[in-house]
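I opened this notebook to look up one helix and the enclosed voids of the model. The entries follow in the order of the look-ups.

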Amino acid sequence: MALVSEFLGQLTLSYGGEQEPKFPTVVPIHDFDPAQDAARIETAIKTKGVDEQTIIDILTRRSAEQRREITFEYERIAKKDLISALKGALSGSLEALMLGLMKSTAQYDASELKASMKGLGTDEETLIELVCSRSNEELADIKKAYREMFKKELEKDIAGDTSGDFAKLLLALVQTKRDEPNNVVDYQKIDDDAKSLYEAGVKRKGTDVATWISIMSQRSIPHLQKVFERYKSYSPYDMKESIRKEVKGDMEKSFLTLVECFENRQLYFANKLYEAMKSKGAKEKVVTRILVSRCEIDLMRIRTEFKRQHKKSLYQTIAEHTKGDYQKALLSLCGGDD
């Protein structure tokens, strides 16, 4: 364990500019042999009835970089494409999860965004989750992956698929104009922003949404945390209550997601997982998306927040609300019980 924690200590990610340590549940394995992994997967796929367990054991316990090497070796050994082979061998939620793992985090987020805007009707919930919970740096990587994969600009697609204030908010976030945090705390600016948020909403009739958008999409996260604290000395309602009073529908969901992520991003994901598994049939798409996209970033901390908030481990909750090979793959990504 000492080795793992030493390794985890070296990984850092940035949310809102400050380097945040990474807390992955999936890390590169030592003594990695991509050719052997590829050969084992080929045997598992060829087995009568498919040996899903072996495929799960290998792919959920390798890093994205290692999975890329396995894909390369598989093509060399089997003379065919691993993605197509997995599509042929697997189905349903397990297939979606395993194919998700074959992309890098940015590619996966980009393809989920694309899918949320494809065909008739937009899946606003996915769009909101992906745009409002990702850091500047993550969004920049997603835009790059989106361009490479789809030969289109993410901004253009969002603009073509949404309208009004909702479009303005998403586009403001995707333009990644957020300030980098600095060590100087600007109390005057904190006060000005808190006052502006109050005067643009609770204080007046109607809401000046443009002001809310510009402050929430441009200020650094440590700054905004202090602004929301200061806001309470102007408004009888805290920021989240104010949002619920002032805006509805997609705008309400978007602003709430932003504020929750500014306050504690891992708790936001933990609550989203809890909600997705509260009902009888788990919302498997949401569960898959969060585990696949966060397993190499902060899923360990999401697990901690889940247990703290819901008095039950994420592992046990997944075990209760999912089944079969799909459940085995989720539990393996989850990486352990708390």
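I looked first at helix H15 (residues 239-246), where Met239, Ser242 and Ile243 are buried; buried means under 20% relative accessible area with a 1.4 Å probe, protein chains only, and helices are DSSP runs (H or I) of at least four residues, numbered from the N terminus. These residues lie on the same side of H15 because they cover an arc of only 100 degrees around the axis, taken from the directions from the helix axis to the C-beta atoms. I noted that their cover includes helix H12 (187-200), helix H13 (209-218), helix H14 (221-231) and H16, with contact meaning heavy atoms within 4.5 Å.

The model is predicted: local features need pLDDT of at least 70 and side-chain atom pairs pLDDT 80 or more, while totals for chains, interfaces and linings use all residues. Residues are numbered from 1 along each chain as its sequence is written, and side-chain values use heavy atoms, without hydrogens and water.

I then searched for cavities (sets of points on a 1 Å grid over the protein atoms alone where a 1.4 Å probe fits but cannot get out; lining residues have an atom within 4 Å of a point). I found two of 30 Å³ or more, a volume being the space filled by probe spheres set on the points, which are joined across faces, edges and corners.

The largest cavity has a volume of about 90 Å³. Its lining has 15 residues, with Arg134, Asn136, Leu139, Leu173 and Arg178 nearest its centre. Helix H8 (124-132), helix H9 (136-150) and helix H16 (249-276) each give two or more residues to this lining.

I recorded about 60 Å³ for the second largest cavity. Its lining includes Ala64, Arg67, Tyr108 and Glu296.

Technical notes:
On a 1 Å grid over the protein atoms alone, a cavity is a set of points where a 1.4 Å probe fits but cannot get out, and a pocket is an open set with protein on both sides within 12 Å along at least five of seven lines; lining residues have an atom within 4 Å of a point. Buried means under 20% relative accessible area, exposed over 50%, partly exposed in between (1.4 Å probe, protein chains only).
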